[in-house]
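Reader: I am new to this structure and would be grateful for a close look at a single part of it. Please begin with one loop position and then proceed to a sheet and its surroundings.

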Amino acid sequence: MTTLYVSPHPDDFRSLLALLAAEYGPSSRPQIITEDPPASLNARSRPALVLAAAGDGDSLVSGATAVSWYLAFQGKRAGLDAKQQSQVWQWLSFADNELTPVSCAVVFPLMGVTGVDKKVFKAFLDLNVLDQALAPRTYLVGESITLADMAVATAVLLPFKYVCALEPSDRKAVTNVTRWFTTCINQPQFLKVLGEIVLLSYAIVMFPLSGPPKTEAQLKKEAKKREKLEKFQQKKEMEKFICEVLKIANIHDVVSPLPDSYSPQYVEAAWYPWWEKQGFFKPEYGRKSISEENAKGIFMMCIPPPNVTGSLHLGHALTNAIQDCLTRWHRMRGETTLWNPGCDHAGIATQVVVEKKLMREKGMSRHDLGRENFIREVWKWKNEKGDRIYHQLKKLGSSLDWDRACFTMDPKLSYAVQEAFIRMHDEGVIYRSKRLVNWSCTLNSAISDIEVDKKELAGRTLLPVPGYKEKIEFGVLVSFAYKVDGSDEEVIVATTRIETMLGDTAVAVHPADARYQHLKGKMVLHPFCDRKMPIVFDDFVDMSFGTGAVKITPAHDHNDYEVGERHNLAFINILDENGLLINVPPPFLGMKRFEARKAVLQALKDRGQFKEIKDNPMVVPVCSRSKDIVEPLLKPQWYVDCRDMGKEAADAVREGRLKIIPDHHLKTWFNWLDNIKDWCISRQLWWGHRIPAYFITVNDPSVKPGEDMDGHYWVSGRSEEEAREKAAKRFNVSADKITLRQDEDVLDTWFSSGIFPFSIFGWPNENEDLQVFYPGTLLETGHDILFFWVARMVMMGLKLTGKLPFKEVYLHAVVRDAHGRKMSKSLGNVIDPLDVITGISLEGLHAQLMDSNLDPVEVERAQQGQKSDYPNGIPECGTDALRFALCAYTSQGRDINLDVNRILGYRHFCNKLWNAVKFAMKTLGDNFVPSEKLSGEESVSDRWILSRLSAAVTLCDAGFKAYDFPTITTAIYNFWLYELCDIYLESVKPVFSKAEEDSTSQRQALVCRQTLYTCLEVGLRLLSPLMPFVTEELYQRLPRRKPQSDPPSICVTSYPTTEEVRKRRGGQLVLNLTDTIRSLRADYNLTKTRADCYLQCIDSATVSLVQKYSLQIQTLSYSQAVIPLTANQPVPEGCAVAIASDRCTVNLMLKGLIDVEKEVAKLMTKKGDLEKQMEKLREKMGKNDYKEKVPVKVQEQDAEKLRQSQIELEKVKEAMDNFRKMI
């Protein structure tokens, strides 16, 4: 049952409003409880309404405005149509913002006033507005009681009831208000809630609790302070209430005037549910079926499925901002458009989360529960918490087709995963082998390379390791000696993992190293194990490093593994799955690995074989999930043979069938695929797709028992019955002699992600979606998962479907903080995009750190970082501003240094946009009707702004096609802010002010209005893919050219084309001159400074033309003065020169505006700095061992830095040349 929590106080007008709305509500009234709501509901205040559909937080509505609107709307007392609803909302706002603060002042005697001064009170409470509104009518809205009457009546209840300023004489001044109020309070519903109210016939004087009476000046000061505080609080609270109510009632108020200023919460509250409800995001929208041929084409893109455990971070925000912009652009172009959502089951991450929850809540491990019960717990958690990321994506405005949302553990996708494994296993592409894997002792599982963090150490460092009380030493190189068998010689080797020497089975030296030639065929003695080890000669050894001799541990090092394979060495595993030592002699047997580290070192010292220990820069592999140190461990696992698939994927790019953008990622793509290693797909987890492979035991003496690592004894099947039949056939025995044991492991999450582009459409089963939408059009993601996901999708798509999964791959940059640092919780610079959207205080940011897993020292450091970067917290920026900022940052490089202050700048841009449309709509007037096309009578100013609009459309079209988002954002920003608002709107104000003088002026104003409308309408459509919420809000306020046939939403309206706004003929020289001057101003960074402009003309006719339009040129180019010159007249010194056309040259006076020598000197310094940086980089990259020793990722970063520095240097040189021409 629905429950309403209200205050028991008889004069709490907020609760009274909710009770009145309930009385006028539907027949089933809510249960009324006069106490605080349970803390678990997180209700902000009373009244609070808990809806009957219990479950999550969405079932709670709190606050008087939100609760009363919900109840009134249910009882059809919130207005009969959109217009009435808008009027009700206005009165609700008036009551809350204007009347409520006065009532508060009346009922709070603790303020210590002896009575409220009538002059002061009337400054607050002027009921004339209300009285005039009620003069011709009985009720505020419509012909019956609405929420408007309830809200205003309860707001003025106390002044009427207890009189403070409303003595009988006061009430006579507002006769209509008194009549209306009396009518309301005598309604049965009012009487039931309020009881009988008697209006007093005298003024009550309220005495202070203590102290002398306050002076009139004190009262005024307090009243103003109180009013200011109340209004601020009411405004913030009202914004939240509006959002709640709009979402609950799904209201789109486009009838009432635009609010005075832009509010992200107001604008972004209700459009998304409406878009979704109308089906705008579905490819079926506007057509009979998806199979219907569309001449404009098909656009399909699948989302990089976020982890089900995840919550939004700025990387998600960037990905979704770009993808949604592209999707909305293609949709507005009329293409059959699908952006398919999905979520990844995130094997390790989800299992860890649920295991921690089990231990915290029940004190149980997954082993205590057992596999089946644990899986049930994971599904329970997923069903309760797993769709959080979807809600966050909606908050970002992502126009995904939610009806097609997929989860990688859904039956449809699970079947596809099973089928993919079986087909590839039957073909021999998937095989069984015992090799080294990345092992997490804490997780007891192999992990993928992407789950291994490379922690760089400069030298000796103590690191925390799970399961150890004390920190463990890393970043040191220990040297010790092996005795040569049969002689007094010794060979000195060095290692950063001294405990692994217990698993050594050889010492390696370079074949060309003269120092060890005499040791060919010799053995060294292991000091602790009864083992002789050969000295082997191998090219992988670096003669110049250390002594040139290397210890070989084939079972615990990737390089050593390959040496062991080449020389047929013994592979001795000294670690079990928990990190305890095995296959070693006492006292080391059973020790924890890092305790053994200390013990082995001491034992070597005791035997006199220890040589030295020194600092050593190194990279330590750390498990990103558990923070454990990753160990290379020999395990029998399933592998994918990637050689042929990798070649096909590489060839697809080489042959141009698959395009990777930006192309500087090609080198990395080819380097990885041309040297690809086989892919380990086994994971020792319970949550995930269990591997459909079975180990065969044949109950027949003629068949010898198999070993786990022997693939011949493994069979795959869609069921155990199918697997048994395969096994019986393989060993030529009857099925009853076959015993099967299914592999306990699950598949690597990247395996199911690798087939995501076609598994979401029901592959391998043929259906309409698969036929229409596969292959897709585009894959957009971060460059950091180019191989882990992108390459595997390409390989598996080609292997299993014979088709590329998409035609293009666009890789965006990685988000860093404003200082260029990687986002890290310990630095305090990880930003939740929802905090940027809604704003958060510094204290709120600190509180988030306290809820994290950071240790106290890291929390302190992170808080200092937050205090430095966000001393006042993060201001509310809104979704649109965040999206626009992220797209503006997305240059086609590798990193984005994100400054929150820049996002706030785009919030101000939204406000500028808002004010421009408000002004323009006032200028257009209520009766404006847009014409279907422009008249051809446009003035120079009109033609100029239309030419700028045409240029912006052209730039945006090219930008979207080239994935050049900064070009798009710059074009739109410049058009709206600098060209439309700063110049055109200012230039046409005189036209509108003179509009009624004569018929010519009227005609000119009408033409100008049509131009202005075109700029607004096209400009909003241009911006819509980037800022969907504010553009929808403003677009809905504009009249339509074809109201009967135009689409209902901007998001399904056509995107502007160059043909639609092609440049108009006429006055081309004037437009060229204006553009040339503005271009010169931009070159010399004259953003606010006006400069004189000398226009040297080829003949007198051109001079006359320039003189005729000199005022327009001056205004449109933001010049100080425009001076036309003949060809013979000299141009003053100190001008920058540019050719506008063959008839006129522009000379922009810079002398006195900029210090040329100073500018050149600054550029010289910059040039020197860049050349030094580039020289250092070239020196670093030119070293002999650079390619062998420096990680590939670092090499790529260095190459990118060099490329960007070269581009910057060229720009600096060009600027210097331009300045020197002026000297």
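Author: T777 is placed in the loop that runs between α26 (768-773) and β30 (778-782). Helices here are DSSP runs of H or I with at least four residues, strands are runs of E with at least two, and both are numbered from the N terminus. This is a predicted model, in which local features need pLDDT of at least 70, side-chain atom pairs count only at pLDDT 80 or more, and totals for chains, interfaces and linings use all residues. Residues are numbered from 1 along each chain as its sequence is written, and side-chain values use heavy atoms, with hydrogens and water left out.

Apart from neighbours within four places in sequence, T777 has contacts (heavy atoms within 4.5 Å) with I298, F299, M300, F806, K807 and E808. One of these residues, I298, offers its backbone oxygen to the side chain of T777 at 3.4 Å.

The sheet to consider next is open and has four strands in the order β10-β9-β22-β24, paired antiparallel. Two strands count as paired if DSSP finds at least two bridges between them. Because β10 (445-447) and β24 (679-680) each have a single partner strand, they stand at the edges, and one side of each is left without a neighbour in the sheet. Strand β9 (residues 430-440) and strand β22 (residues 631-640) are joined by 10 bridges in the antiparallel sense. Within this pairing, R432 has W638 of β22 as its bridge partner. Helix α19 (residues 558-567) packs on the sheet and touches β9 and β22, with its direction at about 140° to that of β9; the angle runs from 0 to 180 degrees between N-to-C directions of lines fitted to C-alpha atoms, for helices over the stretch in contact.

The loop between β9 and β10 holds T442. T442 counts as partly exposed because its relative accessibility is 41%, where buried means under 20%, exposed over 50% and partly exposed in between (1.4 Å probe, protein chains only). Not counting residues up to four places away in sequence, T442 touches P466, S626 and D628. With D628 there is a side-chain to side-chain polar contact at 3.0 Å, that is, a pair of N or O atoms within 3.5 Å, one able to donate a hydrogen and the other to accept it, where residues adjacent in sequence count only if both atoms are side-chain atoms. The C-alpha atoms of T442 and R625 are 9.5 Å apart, although 183 residues separate them along the chain.
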